[in-house]
Amino acid sequence: MKILVCLKQVPQKDAPLKLNEAGAWIREDVSYEVNEPDAYALEEALRQKEKHGGEVVVITAGPARAQQVLREALAKGADRAIHLEDAAFVSLDAINIARAFAAAIKDETFDLIFTGLQSDDYGYAQTGVILAELLGWPHATIIMHIEKQDSGIRVKRELEAGYFQYVDIPLPAVLTIQSGINKLRYATLIGIKQAKNKPLRKIGLSEVQSAIGGNQIKIEKLYVPQKSKKTEMIEGAPAEIAKKIVDHLRNDVRVL
Amino acid sequence: MPETILVVAEQHAGKLNRVSWETVAGAQAIAAEMGWQVEAALAGNGIAAAAAELAGKKVGKVYAVESPALADYTPDGFAAALKQFITDKKPHLVLMPHTYQVRDFAPKLATSLGRCLIPDCIGYKKDGNRLLFTRQMFQGKFAADVSFAGEPPYFATFQNGAFRGDKAEAGSAPAPVETITAKVDAAAIRTKPHEWFKEAKQAVDLTQAEIIVSVGRGIKEQKNIDLAKQLADSLGGELAASRPICDSGWLPMDRQVGSSGQTVAPKLYLALGISGAIQRIVGMKGSRTIIAVNKDAEAPIFEIADYGVVGNLFDVVPALIEEVKKAKS
Ligand SMILES: Cc1cc2nc3c(=O)[nH]c(=O)nc-3n(C[C@H](O)[C@H](O)[C@H](O)COP(=O)(O)OP(=O)(O)OC[C@H]3O[C@@H](n4cnc5c(N)ncnc54)[C@H](O)[C@@H]3O)c2cc1C
């Protein structure tokens, strides 16, 4: 199976984020990492390749720094990478990112495309589904298991409130992958070494520009949300904090 | 003619998903402020009763978009039926609840009409003649006001809890229900869905617990879970966890709280090293008292906590265990 995995670089989970001066985006001087569900998507692609053979290709759109997520993927076992390199990709809306991906892979023939089910920065949760529609492929979202069948695949979709559902899908198809579908691997030293010689194709904004339209959704303002609930903050040394909490548990919450 | 907001409600096996009321309430509020009108649609097969239930709310009209090919939900079927319907009715704004099902077909539907939807909104703002949608960004650390550019129809989805479903206004008389036969070619539906199921029966029923001590990724390592366990034991409560903890296998799945886990409402919910992502919060916001310990003062969990401690859980929890033991002896 030939599988494309879409990876996104996002600020690290614990990174302290600050607004930029325009109040329209964050200050970019933070540490980045691969979007968590995308890491699971890559792992799943590698496992499918190990079982059924084929090729794993990774793609990302973003400035030069985003190359890091491709390098890591190559070190973990992906065969080659595509980098849509331009800072402008960061501010495209979901349909335009999907259009850029579709344009970048128009000469390829994949059986499957994986994306994470949503990103930790925008959280739009739609790039994969849009890409499927643009390519004219079927899709399934929030996937927790994939099994190859004689024709197509059977996937396990996570539903709300603890329910699941199997769905049969013909190939080619797009799947959005849920965190926890598998156990992530680490890159090995040999892998990191080999990654240096793997192909990484760069595509500039101008090469996909004709596929992209104006953004249809526009972030007017980014801000720290106002608190609606009054949280009583408990301060002091740990022992004092513990005493105050126990007081509340006894007198207000009444569970002691 | 005022502009129309179309609410696409959700049903499963003919039963209305209650979260649809929240979207109706949101649409009514927007309509009142903008001078627009609300209509509702429901797609499926054999959905007359659910459509009639929708018609009890203050909406101009309810459309039951029916076809035998819509009996089971598929993204191909639902997107095709709603695309026809929306092309025909030309609503200005289409609103839906941000459910797993809507996540599955709404981006496809919007794309098929050349549109990009604003997903997972928590509210709206009127800005002159413009309508802005508010949504969380960066896992709730920031909020953004987002506008639509280009031509209608516009599509947006609302996060679970964005509006109060019980505030959806009832109509003085039932709204007219029109049944529309969708032309969906069953052969063009490419995916074959199977029955819903649950995994093996859960061994732990967190819904009955009065006290829950819940750990998140701030616990750092599997061996530290024991610290939280000690606190839970000293309080006579149950141990629960966020999804990443269960994904890692540090605690079994049946201890997970959230949209894909259990929904709990104990007297006391103690959150240790949990950021407070929405998928988590929907599972525990009904708790009577929430106490959060998090080293990050900006963590979204403090938005819903009654008591908050900004600090290292590895300092606070041992002291708390001591103090609880003292209080109990
Ligand atoms: C479709 C879908 C369904 C989901 N369903 C669920 C669900 O059912 N349940 C669920 O929980 N999640 C669910 N999630 C995942 C959810 O979005 C979050 O990713 C998850 O809840 C985050 O878990 P966390 O708070 O433990 O980790 P993080 O977000 O990584 O937060 C860790 C927190 O610990 C704090 N911390 C770190 N070290 C310390 C320390 N020493 N002392 C004190 N604090 C510390 C940090 O400041 C941080 O706030 C779902 C996601 C999706 C997309």
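**Cavities and the ligand site in the predicted model**

Five elements of chain A, namely β2 (9-11), β4 (55-62), α3 (94-104), β6 (112-116) and α4 (127-135), each put at least two residues into the lining of the largest cavity. This comes from a predicted model, so the picture below is one of computed geometry. The largest cavity holds about 540 Å³ of space, and the structure has 5 cavities of 30 Å³ or more. Its lining runs to 40 residues, and those nearest the centre of the largest cavity are Lys8(A), Ile97(A), Ser119(A), Asp121(A) and Thr127(A). Sorted by type, the lining of the largest cavity comes out as 21 nonpolar, 12 polar and 7 charged residues.

One of the lining elements, α3(A), deserves a look of its own. Because 10 of its 11 residues are buried, α3(A) is largely enclosed by the rest of the structure. The buried residues of α3(A) are Ala94(A), Ile95(A), Asn96(A), Ile97(A), Ala98(A), Arg99(A), Ala100(A), Phe101(A), Ala102(A) and Ala104(A). Among them is Ile97(A), already met as one of the residues that lie nearest the centre of the largest cavity. For chain A as a whole, 54% of the 256 residues count as buried. The secondary structure of chain A adds up to 7 helices and 13 strands, and the C-alpha trace of chain A spans about 65 × 45 × 40 Å along its principal axes.

Next comes the second largest cavity, with about 70 Å³ of space. Chain A lines the second largest cavity with His139(A), Ala140(A), Arg157(A), Gln165(A) and Val167(A), while chain B brings Tyr73(B), Thr74(B), Pro75(B), Asp104(B), Thr191(B) and Pro193(B). On the chain A side, β7 (139-148) and β9 (163-169) each hand over at least two of the lining residues of the second largest cavity. By type, the lining of the second largest cavity splits into 5 nonpolar, 4 polar and 2 charged residues.

Thr74(B), one of the residues lining the second largest cavity, sits in the loop between β5 (62-66) and α3 (75-89) of chain B. Its relative accessibility is 4%, so Thr74(B) counts as buried, the cut-off for that being under 20%. Thr74(B) is 243 residues from Val317(B) in sequence, and their C-alpha atoms are 47 Å apart in space.

That leaves the ligand, which lies between chains A and B. The ligand is surrounded by 31 residues, and the closest ones are Ser242(B), Ser260(B), Ser275(B), Gln279(B) and Asn294(B). Asn294(B) offers a side-chain N or O atom 2.7 Å from an oxygen atom of the ligand. With Val257(B), the partner is the backbone instead: a polar backbone atom of Val257(B) is 2.7 Å from a nitrogen atom of the ligand. Leu313(B) also uses its backbone, with an N or O atom 2.9 Å from a nitrogen atom of the ligand. On its own the ligand would expose 1,000 Å², and the protein buries 92% of that area. In chain B, α6 (243-247), α7 (278-281) and α8 (313-328) are the elements that give two or more residues to the shell around the ligand. The shell around the ligand is made up of 8 nonpolar, 16 polar and 7 charged residues.

Key:
Residues are numbered from 1 along each chain as its sequence is written. Chains are lettered from A and ligands numbered from 1 in the order in which they are written. This is a predicted model: local features need pLDDT of at least 70, side-chain atom pairs count only at pLDDT 80 or more; totals for chains, interfaces and linings use all residues. Side-chain values use heavy atoms; hydrogens and water are left out. A residue is near a molecule or strand if one of its heavy atoms lies within 4 Å of it. A polar contact is a pair of N or O atoms within 3.5 Å; within protein, one must be able to donate a hydrogen and the other to accept it, and residues adjacent in sequence count only if both atoms are side-chain atoms. Accessible areas come from the Shrake-Rupley method with a 1.4 Å probe; for residues, only the protein chains shown count as cover. Helices (H or I, at least four residues) and strands (E, at least two) are DSSP runs, numbered from the N terminus. Ala, Val, Leu, Ile, Met, Phe, Trp, Tyr, Cys and Pro count as nonpolar, Asp, Glu, Lys and Arg as charged, and the others, Gly among them, as polar. On a 1 Å grid over the protein atoms alone, a cavity is a set of points where a 1.4 Å probe fits but cannot get out, and a pocket is an open set with protein on both sides within 12 Å along at least five of seven lines; lining residues have an atom within 4 Å of a point. Grid points are joined across faces, edges and corners, and a volume is the space filled by probe spheres set on the points. Buried means under 20% relative accessible area, exposed over 50%, partly exposed in between (1.4 Å probe, protein chains only).
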